[in-house]
Amino acid sequence: MGLLDCCARCLVGAPVASLVATGLCFLGVALFCGCGHEALTGTEHLVETYFSKNYQDYEYLVDVIHDFQYAIYGIAGFFFLFGALLLAEGFYTTGAVRQIFGDYKTTICGKGLSATFVGITYALAVIWLLVLACAAVPVYIYFNTWTTCNSIANPSKTAAGIGNLCTDARMYGVLPWNASPGRVCGQSLLSICKTSEFQMTFHLFVAAFVGAAITLVALLTFIIAATYNFAVLKLMGRGTKF
């Protein structure tokens, strides 16, 4: 019974919301960073193979891709540490809330730390909304290309000629307007869409977008749990000490 009682106490005191949010956070960041990194590499190869033969046309794109990939490394490390800190804060505040009607008295520093984490997580969630929006852009571009390829593969469903159905990388800002050829049309575009590289890159961008969405859900869960615990500590605590 002693072991069972100890396990029961641990389960009762565990911050379930923080544990779920941490798991979602790690899963989402892993999908976003891993899939996003490989998708950017695939995009670079597709552009230099099919859309431009002049390195100067996509030199800036390569630099941007490499910068994003370095940023991904930083994002992965940051969220690993931040998620661990939020989980530890969840254990602290949940333990305090569980004992709020007993002899436990939270400290002013403890309340300030909880409020700080709530504010930081809220600001991070707002910033992550922008990241989620940015992650949707390549999904939109690849989806439009995939839709165009379906129209080429089924010419009876479109009134336009196959040769007029194109994907222009310059239109999306991927390449400068003086890039040559900059676009691919007709059967050439269809052959690109049939390559495993295009399909894999498309799916990786979708997975990265889903990972960004999961991370946002995790941050919102952290905010709700931390705000509730902080409110209980502030409004229902029976005393403070330094």
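In the predicted model, Ser52 counts as buried because its relative accessibility is 1%, a value under the 20% that marks the limit for burial. Ser52 is placed in the loop between α2 and α3. Once residues up to four places away in sequence are set aside, Ser52 touches Val47, Asp57, Tyr58, Leu175, Ser180 and Pro181. One of these, Ser180, is separated from Ser52 by 128 residues in sequence, yet the two C-alpha atoms are 5.8 Å apart in space. Another, Asp57, is joined to Ser52 through a side-chain polar contact of 3.0 Å.

Asp57 belongs to helix α3, which covers residues 55-98. The Asp57 side chain is buried but takes part in no salt bridge, and Arg170, the nearest side chain of opposite charge, is 8.7 Å away. A salt bridge requires a side-chain nitrogen of Lys or Arg within 4 Å of a carboxyl oxygen of Asp or Glu, so the separation of 8.7 Å between Asp57 and Arg170 does not qualify. The polar partner of the Asp57 side chain is instead that of Ser52, at 3.0 Å. With neighbours within four places in sequence left out, the contacts of Asp57 are Ser52, Leu175, Pro176, Ala179 and Ser180. Leu175 and Ser180 thus appear in the contact list of Asp57 and also in that of Ser52.

Side chains of opposite charge can pair when their charged atoms come close. Arg170 has such a partner in Asp168, with a salt bridge of 3.0 Å from N to O. Arg170 and Asp168 are both buried. A search of the whole structure returns 1 salt bridge.

The segment that contacts Ser52 also contains a cis peptide bond, which runs from Ser180 to Pro181 and has omega near 0°. Most peptide bonds, by contrast, are trans. Pro181 is located in the loop between β1 (166-168) and β2 (183-185). Both Ser180 and Pro181 are among the residues touched by Ser52, and Ser180 is also in contact with Asp57.

At the level of the whole chain, the model has 6 helices and 2 strands. In sequence order these follow the pattern α-α-α-α-β-β-α-α. Of the 242 residues, 40% count as buried. Among contacts in the chain with a separation of 6 or more, 80% are accounted for by residues 24 or more positions apart.

The largest pocket has a volume of about 1000 Å³. The pocket is lined by 38 residues, of which Leu40, Phe68, Val137, Pro138 and Phe205 are the closest to its centre. Two or more lining residues come from each of α2 (16-51), α3, α4 (108-153), α5 (186-193) and α6 (196-236). The greatest contribution to this lining is that of α3, with 9 residues; α3 is also the helix in which Asp57 is found.

The search for enclosed space yields 1 cavity of 30 Å³ or more. The largest cavity holds about 40 Å³ of space and is lined by Ser18, Leu86, Glu89, Gly90, Phe222, Ala225, Ala226 and Asn229. At least two lining residues are supplied by each of α3 and α6. Here α6 gives the most, with 4 residues, whereas the lining of the largest pocket draws most on α3.

Two of the residues that line the cavity, Leu86 and Phe222, also contact Thr121. Thr121 is placed in helix α4 and is buried because its relative accessible area is 2%, under the 20% limit. Beyond its neighbours within four places in sequence, Thr121 is in contact with Phe82, Leu86, Leu219, Phe222 and Ile223. Phe222 can further be related to Val20, which lies in helix α2. The C-alpha atoms of Val20 and Phe222 are 9.1 Å apart in space, while 202 residues separate the pair in sequence. Val20 is partly exposed because its relative accessible area is 46%, a value between the limits of 20% and 50%.

How values were computed
Residues numbered from 1 in each chain as written. Predicted model: local features only at pLDDT ≥ 70, side-chain atom pairs only at ≥ 80, totals over all residues. Heavy atoms only, no water. Buried < 20%, exposed > 50% of the residue type's maximum accessible area, 1.4 Å probe, protein only. Lys, Arg positive; Asp, Glu negative; His and termini not counted. Polar contact = N/O pair within 3.5 Å; in protein donor to acceptor, adjacent residues only side chain to side chain. Contact = heavy atoms within 4.5 Å. 1 Å grid on protein atoms, 1.4 Å probe; cavity = no way out; pocket = protein on both sides within 12 Å on 5 of 7 lines; lining within 4 Å. Points joined across faces, edges and corners; volume = space filled by probe spheres on them.
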